[in-house]
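Hi everyone, thanks for coming. I'd like to walk you through a few local details, so please have the viewer open.

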Amino acid sequence: MPEKEKKEFMTIVDLAELKAGMTGTITNIDGGHGITNRLDAMGIRCGIKVTKLSGQFMRGPVIIKVGKTQIAIGYGMAKKVLVQVG
Amino acid sequence: MKNHPLHKEPHLKHGHHRHHHGDYKKKILLVGNPNVGKSVIFSRLTGVGVIASNYPGTTVEFTAGAMGSGDMKMQVIDVPGTYSLLPSNPAEQVAVKMIKQSAEEKNSIIVNVIDATNLERNLNLTLQLLKMNIPVVVALNLWDEAKHIGIHIKVERLESILGVKVIPTVAVTGEGIKELVTHFDDACKGECTIEDTERWHEIGRIIEEVQTITHKHHTFGERLSDLTIHPWTGLPIAVVILFVLFFVIRFIGEGLITLIVNPVFDRLWYPLMMKVSGLLKGYTFLHTLLIGQLIDGKIDFGQSFGVLTTGLYVPLGAVLPYIVAFYLILSFLEDSGYLPRLAVLIDKTLHMIGLHGLAIVPMLLACGCNVPGVLATRMLETKRERFIAAILMSISIPCMAQTAMIFGLLGKYGPLGIFPVYITLFAIWIIAGVLMRVLVKGESPEIFTEIPPYRFPHPHTLLKKVWMRIHWFLHEAVPFVLAGVILVNILYTLGVISFIGKLTGPFITTLLGLPPEAVGALIVGFMRKDIAVGMLAPLGLSLKQLIITSVMLTMYFPCVATFAVLLRELGIIDLLKAALIMVLSATVVGVLLNIIL
């Protein structure tokens with residue numbers, strides 16, 4: 001999606017971009033089998049709601065909440081998880 | 001301590017699992033996600049102590065124990081935690097392999113320990129297990145915590161859906177464990193026919209049917225959790241916590257020394273040893289071996305160098321109090337659940353050295369003793385990470401014995417003596433880490449870990465863990481100290497040490513600026529660093545020489561025990577590389593320090 005268009009809709013962002021405190025529904029996991037499986041094992045998959053709790057400075061890990069579980073996920077991985085805000 | 005995980009490990013690596021199939025009526029595998037309390041249940045069932053902490057991945061290898069007696073004797077195995085049957089690190093590989101093996105044996109059952117506060121995610125593994133051809137009983141653990149945070153689970157409903165027995169348990173208090181045991185006999189195989197792609201969908205349905213959540217306000221733990229992980233508040237809190245820890249460890253360690261250790265050695269052991277010394281007057285060699293040299297007609301526990309004097313005083317009098325203090329505090333941190341948060345905060349920094357945040361756990365463990373530190377590297381996903389972490393801790397993280405040595409040698413100079421050593425070691429940690437990140441091939445994945453809720457450490461579990469670690473130290477370290485003292489005395493008597501001293505003299509004096517006599521201490525350092533102090537103390541080294549020796553002794557070789565574990569964990573080829581790195585970096589740093597200081 002071109003940058004401009006993205007700004008206009010702003011409904012789909014990745015977990016790194018998602019603002020702390022916001023909740024979104026995962027629409028796509030943009031990664032290979034390995035990543036998808038690891039995320040899946042922890043219950044992170046398309047269609048579920050995640051809340052971003054915080055992100056560390058300088059592209060550090062992102063903390064999300066899935067159900068009752070808090071999970072720390074590296075920035076690069078967070079970039080690959082796309083969510084629909086709201 | 002036969003059942004300590006460390007002792008089980010060789011059997012695992014070499015494939016000789018110590019499973020006496022014939023002797024046991026049943027084999028029970030405790031299987032579940034990381035950090036759900038399997039190890040505590042194991043402890044409850046077998047009475048065998050295993051280390052349990054509040055972070056994912058404490059158990060990196062299986063531990064086996066027995067319960068019941070006679071005809072009813074059962075083998076219980078604490079399997080490393082795994083989120084699914086598709087493993088992503090060596091600890092999980094062990095788990096999956098064991099589960100698959102057991103599925104082929106008739107007398108095995110799985111006790112699937114699941115976290116009641118996290119039913120949905122835990123059921124993912126449960127449904128996978130139910131598809132394996134093996135009887136399952138489910139232990140719904142952390143039942144009290146689930147109730148506390150407002151989660152209600154209809155156990156009977158869950159049982160009928162899964163088709164296997166489900167028993168609510170609270171492992172730390174023992175609630176439900178007896179009932180769990182009574183159902184080992186009627187464990188049955190699940191009848192799960194769900195396709196992998198349908199699994200989460202099915203889990204969703206189950207959750208809707210069996211679980212209700214009443215909303216509760218933010219608990220104190222949740223607020224604390226937010227504060228300690230948010231960068232603005234988390235980083236200052238981390239700094240404060242680490243400082244406080246340092247002082248508390250020192251306070252407890254010194255307290256133990258002045259209140260207990262010194263009085264015992266001075267008032268009880270000293271007079272006794274002086275008597276023994278008198279009795280041995282005619283037997284010079286025996287006197288040297290047991291009591292050592294008298295200094296001004298008296299025994300000096302630090303410098304006499306007899307097996308019964310220095311050999312006992314160094315591990316028990318100088319190092320043990322700090323080991324106790326360190327593991328007491330670290331275990332408290334582990335059980336509270338703070339470590340994964342620290343891992344997140346420090347993640348970026350550790351990326352510089354080719355690791356990710358979770359590597360802070362093995363690094364911290366190594367500050368107590370490098371052996372558990374090296375073993376804990378198994379929680380890291382790739383070979384590259386494990387290699388880097390193991391080498392960094394071997395060369396630049398001083399264990400408690402090394403810390404005791406550094407303080408013993410340089411304590412009298414205060415910060416002026418201590419700081420240069422630690423600053424040098426820290427610089428080496430960074431520089432060697434950055435170099436290895438660039439040079440060592442392979443992958444370093446990103447951090448991906450569950451952040452467990454804060455829990456107040458359960459005193460019983462905590463003390464048991466501290467006791468196990470102390471026990472381990474006593475069993476593993478003390479024999480090496482005694483052997484080291486004996487070896488040194490024999491080598492001295494035979495003149496071997498002065499011979500090597502002469503041989504290496506030019507190198508030691510010109511490049512490192514040390515007297516040839518220091519070579520004795522460096523040789524002893526192969527066995528144990530802490531006893532090298534006694535050999536250096538009488539040499540009257542200058543501050544600069546003491547700093548160089550301290551850094552060299554920490555770097556050039558880990559102790560024999562660590563070396564043995566490195567061999568097991570890295571294999572011979574990587575170990576040789578590691579040894580080369582250790583010797584080279586120690587020499588380079590030693591020479592540089594000699595030039596700079």
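I'll talk about one strand and its partners, and then about two loop residues. Keep in mind that this is a predicted model.

Let's begin in chain B, with strand β1, residues 26-32. Is this strand enclosed or not? Six of its seven residues are buried, so β1(B) is largely enclosed by the rest of the structure.

Now for its partners. Strand β3 of chain B, residues 74-78, runs parallel to β1(B), and five bridges join the two. If you want a spot to click on, B:Lys27 has B:Gln75 as its bridge partner in β3(B). β1(B) also pairs with strand β4 of chain B, residues 108-115, again in the parallel sense, over six bridges. Here you can look at B:Leu30, whose bridge partner in β4(B) is B:Val111.

On to the backbone angles. As a reminder, most residues other than glycine have a negative phi. Which value does phi take at B:Leu142? It is near 60 degrees, so to speak on the positive side, in a residue other than glycine. You'll find B:Leu142 in the loop between β5 (135-141) and α5 (143-148) of chain B. B:Leu142 counts as buried, because it has 27 C-beta neighbours inside 10 Å and the cut-off is 20 or more.

Over in chain A, A:Met58 has a positive phi too, near 50 degrees. A:Met58 sits in the loop between β3 (49-55) and β4 (62-66) of chain A. Is A:Met58 buried or exposed? A:Met58 is exposed, because 9 other C-beta atoms lie within 10 Å and exposed means 12 or fewer.

That's my tour, thank you!

Terms used: Residues numbered from 1 in each chain as written. Chains lettered and ligands numbered in written order. Predicted model: local features only at pLDDT ≥ 70, side-chain atom pairs only at ≥ 80, totals over all residues. Helix = DSSP H or I, 4+ residues; strand = E, 2+ residues; numbered from the N terminus. Pairing = 2+ DSSP bridges.
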